[in-house]
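Colleague: I have a few "how do you know" questions about this chain. Could we go through them together?

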Amino acid sequence: MDIDTIAAIATAPGEAGIGIVRLSGREAVNIADKIFRGKKDISLKNRETRKLHYGHIIDPENDKIIDEVLIVYMKAPYTYTTEDVVEINCHGGIISVRRILEIVLNNGARIAEEGEFTKRAFMNGRIDLTQAEAVMDLISAKTDSSFDVSLNQLEGALSKEVRVLRESVLKMLAQIEATIDFPDEDDVEEMAYEKMQEEGEFIFKTIEGLLSTAYSGKIIKEGLKTIILGKPNVGKSSLMNAILRENRAIVTEIPGTTRDIIEEYVNLNGIPLRIVDTAGIRETEDIVEKIGVDRAKELVDKGDLAIVVFDASEELSDEDKNIIELVKNKKSIILLNKTDLEIKTSIETLKDHLPNKTILNTSMLKGEGLEKLEKTIKDMFFKGDVKINDSIIINNVRHKDLLLKAKKNIEEALQSIEMNMPIDCIEVDVKECYDNLGEINGDTVGEDIIDRIFSDFCIGK
């Protein structure tokens, strides 16, 4: 790996109080010395480390002041990348940070690639791959729950569990070696098979436990894709506005007002919901509205949950019955809206068509039924409290896929042990299990996978 000096803007673009330009590498402090002028004429490398120093960034070619800054030098190896790191705190805004970055690049640094600071932390052994991925998850977290799960990963919770599992796999491999070294000893072989089975069952149960959290982890990280469905003018947009606590969707008495998909994130008691308001489902000659209706029908299959709204003040129509057929076998919650008006369709009527669904009375006009809806969503997807601080939650698709592979490997190894299969048959599955687990934290991962993971990072991280 190159050990040259990289630089990037570490703060988000746009107006802000502070902007940060970060450097990492063997020449970081020397480059900073060329462009930084403090009140005292002292080299930055001779100043106190891990302390902010006041001064100016200047262009060495003409001594022109670029900005007034605070600068900090952090000496290797006790830094984020384990290399020398310099951070220049300047005025926020596009121009200031861009000019300072240009000066830094003109004096010996190169622009960092996506995620290269974190990649260097990984390559230099400061963090493993699960911790590196947790950094990006922390940055993109949309709820406290998502943040806490990612922080737990960053602290190494999953890494420790993977190490425990791999040690158990190594014990199995040691038993395999024992039978190979003593092929004529029946007692050795019998004991080896017993110990392998014991370790294998522990590994299998532990992996199953981790995988049982994957669905909750996906929801915590990505959000629960929730489709609001119903015919026109039943209160879908009013429902979305009520959940968001703002007037995001246009609400009128004219059917077909919502013609396209409207999507927003909302934090519902720690659960990130991706709320999607769809066009009212009905037969229409309007080309634009028809496209919206078709999209709504497609989204039902792709969503995690459908909230289906019916109008209690009207009898069930053919359009309503078509919607009922659409969601019969989907995870859904049924809302009977406009219950403040004369009731013409009751919960009992809907129960005849949707016997296994949760059906709630609501009135968007009066704000009734929302608390019950929120509680129903939480109970439906989280049976009991998810204790994030005490648990390892799998929220990464890559980790889940590798755990599934490792589970299959150990399951096949256990089947071979029970059938007293030759030891080399068992060895193949056990070794594959070891490699798949190692790929989770980066011990056995290829360079192409590493590059792909870090390509999703922002440049300044």
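**Reading the labels**

Modeller: Gladly! Let's begin just after helix 5, where G156 has a positive phi, near 100°. Keep in mind that this is a predicted model.

Colleague: Which residues of helix 5 are buried?

Modeller: In helix 5, residues 144-154, the buried ones are S145, S146, V149, S150, N152 and Q153.

Colleague: Why do you say that they line one face of the helix?

Modeller: Looking down the axis of helix 5, its buried residues fall within an arc of 155°, so they line one face.

Colleague: What makes one face of helix 11 a buried one?

Modeller: Helix 11 covers residues 318-327, and its buried residues are D320, I323, I324 and V327. They fall within an arc of 105° seen down the axis, so they too line one face. An α-helix has 3.6 residues a turn, so residues three or four places apart point the same way. The face turned away from the buried side of helix 11 carries exposed residues, D318, N322 and E325.

Colleague: Why is P77 called partly exposed?

Modeller: Its relative accessibility is 46%. Buried would need under 20% and exposed over 50%, so P77 counts as partly exposed at 46%. P77 is in the loop between strand 5 (64-74) and strand 6 (85-91). Its C-alpha atom is 9.4 Å from that of R126, with their positions 49 residues apart along the chain.

Colleague: What makes F122 and F454 an aromatic pair, and what is the pair called?

Modeller: Their ring centres are 6.2 Å apart, and the limit for pairing is 6.5 Å, so they count as a pair. The planes are at 35°; stacked would need under 30 degrees and edge-to-face over 60, so this pair is called tilted. By this rule the count comes to one aromatic pair. The pair links distant parts of the chain, with F122 in helix 3 (residues 116-123) and F454 in helix 16 (residues 447-454), 332 residues apart. Both F122 and F454 are buried.

Colleague: How do you know that the charged end of R166 sits over the ring of Y434?

Modeller: The charged end of R166 is 3.7 Å from the ring centre of Y434, and the distance limit is 6 Å. The direction also has to be within 35 degrees of the ring normal. R166 is listed as sitting over the ring, so both conditions are met. R22 lies over the face of F117 in a similar way, at 5.5 Å from the ring centre.

Colleague: What makes a group of residues a nonpolar core, and how many residues has the largest one?

Modeller: The members are buried nonpolar residues joined through side-chain atoms within 4.5 Å. The largest such core has 31 residues, and those with the most contacts inside it are M196, I207, L403, I426, V430 and L437. Helix 6 (157-181), helix 7 (186-211), helix 14 (397-418) and helix 15 (423-441) each supply at least two residues. Helix 6 gives the largest share, eight residues. Leaving out residues up to four places away in sequence, L403 touches I207, L210, L211, I394, L437 and I440. There is also a second, separate core of 26 residues, including I219, M240, I275 and M364.

Colleague: And how many helices and strands does the chain have?

Modeller: There are 16 helices and 13 strands. Buried residues make up 49% of the 461 residues.

Key
Residues are numbered from 1 along each chain as its sequence is written. This is a predicted model: local features need pLDDT of at least 70, side-chain atom pairs count only at pLDDT 80 or more; totals for chains, interfaces and linings use all residues. Side-chain values use heavy atoms; hydrogens and water are left out. Buried means under 20% relative accessible area, exposed over 50%, partly exposed in between (1.4 Å probe, protein chains only). Helices (H or I, at least four residues) and strands (E, at least two) are DSSP runs, numbered from the N terminus. Contact means heavy atoms within 4.5 Å. The arc is that of the directions from the helix axis to the C-beta atoms. Rings of Phe, Tyr and Trp (its six-membered ring) pair if their centres lie within 6.5 Å; planes under 30 degrees apart count as stacked, over 60 as edge-to-face and the rest as tilted.
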